[in-house]
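I opened this notebook to record what I looked up in the model, and in what order. The entries below are short and keep to what I could read off.

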Amino acid sequence: GGGEGGDRPGPLSLRVVVDFVWLLFCYCCCGMIAFVSAFFGVSGRGTGPALAQRRSSGLNGVRSKRNSVVPARMTTDIKTDVPDVLKSILARKEEEVAKLKAEVEAAGPDHPIAKRLAGENEVSGVFYSALKRPNNTLTVIAEIKRKSPSKGHIAYIKDPALLSRTYWEAGASCISVLTDYEGFGGTLDDLREVVSEQNSYKDEYPPPCPVLRKDFTIDEIQIAEAAVAGASAVLLIVSALGEKRTKELLDACNRIGIEALVEVHDEDEVKIAIDSGAKIIGVNNRNLRTFEVSLETARRLRPLIPDDVVSVAESGISGNLDAWELRDMGYNSILVGESLCRAYELSMETTTMYQRGYNQAKGLILAFKAKGSVQFGPTTSAAFYGKGEGAKETLGEMSI
């Protein structure tokens with residue numbers, strides 16, 4: 001800027017800074033032009049060697065390598081019209097299956113999973129028998145669930161085996177263990193611990209609870225993996241598999257020697273499950289597209305399930321009235337996870353060094369199984385007051 005004597009050059013330091021910034025700007029522009037030219041080709045039409053190399057050895061190359069391990073039928077037979085919530089999960093499962101197959105192939109025919117796949121095994125039917133009881137008797141599949149994509153964190157569950165003992169003591173008929181880590185915080189080790197704990201009750205009453213591997217099953221190698229880990233049943237979701245793949249995986253379960261809980265969400269899926277030979281059908285009350293939960297789904301679909309097929313209601317069961325309503329609809333069993341795990345966690349919080357808190361998860365299971373009435377189920381309270389001088393004093397309260 002100019003001083004009092006007119007226009008004069010500014011301080012030397014300021015001019016140096018301005019010149020430096022200008023040179024840096026020009027250098028960056030030249031570098032960017034060179035980079036663009038090298039990447040897209042000098043002609044600017046996107047035919048340069050860099051782009052050609054990227055096309056030939058980039059994402060397509062990775063996909064070809066993966067498909068060499070994963071059977072082609074797995075990517076073509078799985079249902080493509082699936083809810084958005086399942087798409088990313090199924091893509092992740094394809095990668096997990098590919099890694100598992102590579103591991104088993106590298107180990108050779110002596111790998112326990114390879115042996116299970118190669119042999120013919122008898123289905124014990126213990127899962128079906130545990131759930132199928134006389135009419136108007138509701139059984140409970142108690143689930144171990146740390147979190148979910150829709151609810152987020154549910155419970156920490158540091159010791160899955162200890163929680164399974166609580167479920168067993170309360171009278172749960174079966175136990176469901178989520179083994180998907182990314183979406184639900186579960187692992188196959190959780191399942192192994194629960195199976196080991198339940199097997200320790202073989203000489204006691206009630207008998208051990210059969211264990212369901214709750215995961216997104218898309219390939220028979222996952223079924224064999226579950227059987228080797230000690231599971232009595234696996235989950236097959238018709239929404240994820242479609243008609244053809246559901247039938248194939250049910251047949252694989254029969255060959256590997258493990259039962260299947262086939263999950264449905266609408267009338268068409270119920271028909272697919274029945275036609276595929278499902279003996280245990282679970283009706284999920286959660287809409288996988290909107291995440292809305294309604295017991296009306298269970299009410300609508302129950303008449304479509306034959307009496308010789310075990311009917312299981314899933315999702316939206318938070319209290320005893322929900323359970324009793326589903327029992328009155330004719331369901332043989334309910335699968336409950338979130339409310340039980342939250343209740344168990346709350347029980348741990350109320351436990352002190354002086355007194356152990358009442359295990360609310362155990363109380364919920366007992367309430368689910370009780371021969372209660374939906375009509376008279378809501379709690380009724382009454383208060384008793386004094387007379388005369390004690391008219392304003394509360395003498396006691398009773399809740400029925």
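**Entry 1: helix α13 and its buried side**

I began with what covers the buried residues of α13, and I noted that the cover includes α12 (238–256), β7 (259–264), β8 (280–284) and α14 (296–301). I keep in mind throughout that this is a predicted model.

Which residues of α13 are buried? In this helix, which spans residues 267–275, I found Glu269, Val270, Ile272 and Ala273 to be buried. Looking down the axis of α13, I see these buried residues fall within an arc of 160 degrees, so they line one face of the helix. On the other side of α13, I have Asp268 and Lys271 down as exposed.

I then checked both ends of the helix. At the start of α13, a side-chain oxygen of Asp266 comes to within 3.2 Å of the backbone nitrogen of Asp268. After α13 comes Gly277, for which I note a positive phi, near 95 degrees.

**Entry 2: the whole protein**

I stepped back for the totals, and I count 17 helices and 12 strands in the protein. Of its 400 residues, 44% count as buried. The exposed area comes to about 22100 Å², of which carbon and sulfur atoms supply 55%. Among contacts with a separation of 6 or more, I noted that 65% are accounted for by residues 24 or more positions apart.

**Entry 3: salt bridges around Arg213**

I next turned to charges, with the general point in mind that side chains of opposite charge can pair when their charged atoms come close. The structure holds 26 salt bridges, and I followed the ones that involve Arg213.

With which residues does Arg213 form salt bridges? One partner is Asp215, where the closest N and O atoms are 3.7 Å apart. Another is Glu225, whose side chain meets that of Arg213 at 3.0 Å, N to O. Arg213 lies in strand β5 (residues 211–214) and Glu225 in helix α11 (residues 220–229), so this pair ties together parts that are 12 residues apart in sequence.

I also looked up the accessibility of each participant. Arg213 counts as buried at 8% relative accessibility, Asp215 counts as buried at 4%, and Glu225 is buried with a relative accessible area of 17%. I then traced the connections further, and I found Arg213, Asp215 and Glu225 linked in a network of salt bridges with Arg92, Lys93, Glu96, Asp180 and Glu182.

**Entry 4: a salt bridge within α14**

I returned to α14, which I had already listed as part of the cover over α13. Here Glu296 forms a salt bridge with Arg299, and the closest N and O atoms are 3.3 Å apart. The two are three residues apart in helix α14, and therefore about one helical turn separates them. Are Glu296 and Arg299 buried or exposed? I have Glu296 as partly exposed at 45% relative accessibility, and Arg299 as partly exposed at 38%.

**Entry 5: Gln198 and Arg327**

I looked up Gln198, which is placed in helix α10 (residues 188–199), and its relative accessibility of 1% counts as buried. Its side chain makes a polar contact of 3.2 Å with the side chain of Ser164. Leaving out residues up to four places away in sequence, I list Ser164, Arg165, Trp168, Ile175, Pro208 and Cys209 as what Gln198 touches.

Arg327 I found in helix α15 (residues 320–329), where it is buried with a relative accessible area of 9%. Setting aside its neighbours within four places in sequence, Arg327 is in contact with Asn136, Leu138, Ala370, Lys371 and Gly372.

**Entry 6: Tyr156 and a surface patch**

Where is Tyr156 found? I located it in the loop between β3 (152–153) and α8 (160–170), and I have it as exposed, with a relative accessible area of 58%. Not counting residues up to four places away in sequence, Tyr156 touches Arg146 and Glu345. I also noted that the C-alpha atoms of Tyr156 and Cys341 are separated by 8.9 Å, although these residues are 185 apart along the chain.

Lastly, I looked for nonpolar surface, and I recorded a patch formed by Val17, Phe20, Val21, Leu24 and Tyr27, with about 560 Å² of accessible area together. Of these residues I looked up the position of Val21, which is found in helix α1 (residues 12–40).

How values were computed:
Residues numbered from 1 in each chain as written. Predicted model: local features only at pLDDT ≥ 70, side-chain atom pairs only at ≥ 80, totals over all residues. Heavy atoms only, no water. Patch = residues over 30% accessible without salt bridge, like charges linked within 9 Å, V, L, I, M, F, W, Y side chains within 5 Å. Areas by Shrake-Rupley, 256 points an atom, 1.4 Å probe, with all protein chains shown as cover. Salt bridge = Lys/Arg side-chain N within 4 Å of Asp/Glu carboxyl O. Helix = DSSP H or I, 4+ residues; strand = E, 2+ residues; numbered from the N terminus. Buried < 20%, exposed > 50% of the residue type's maximum accessible area, 1.4 Å probe, protein only. Arc of directions from axis to C-beta. Contact = heavy atoms within 4.5 Å. Polar contact = N/O pair within 3.5 Å; in protein donor to acceptor, adjacent residues only side chain to side chain.
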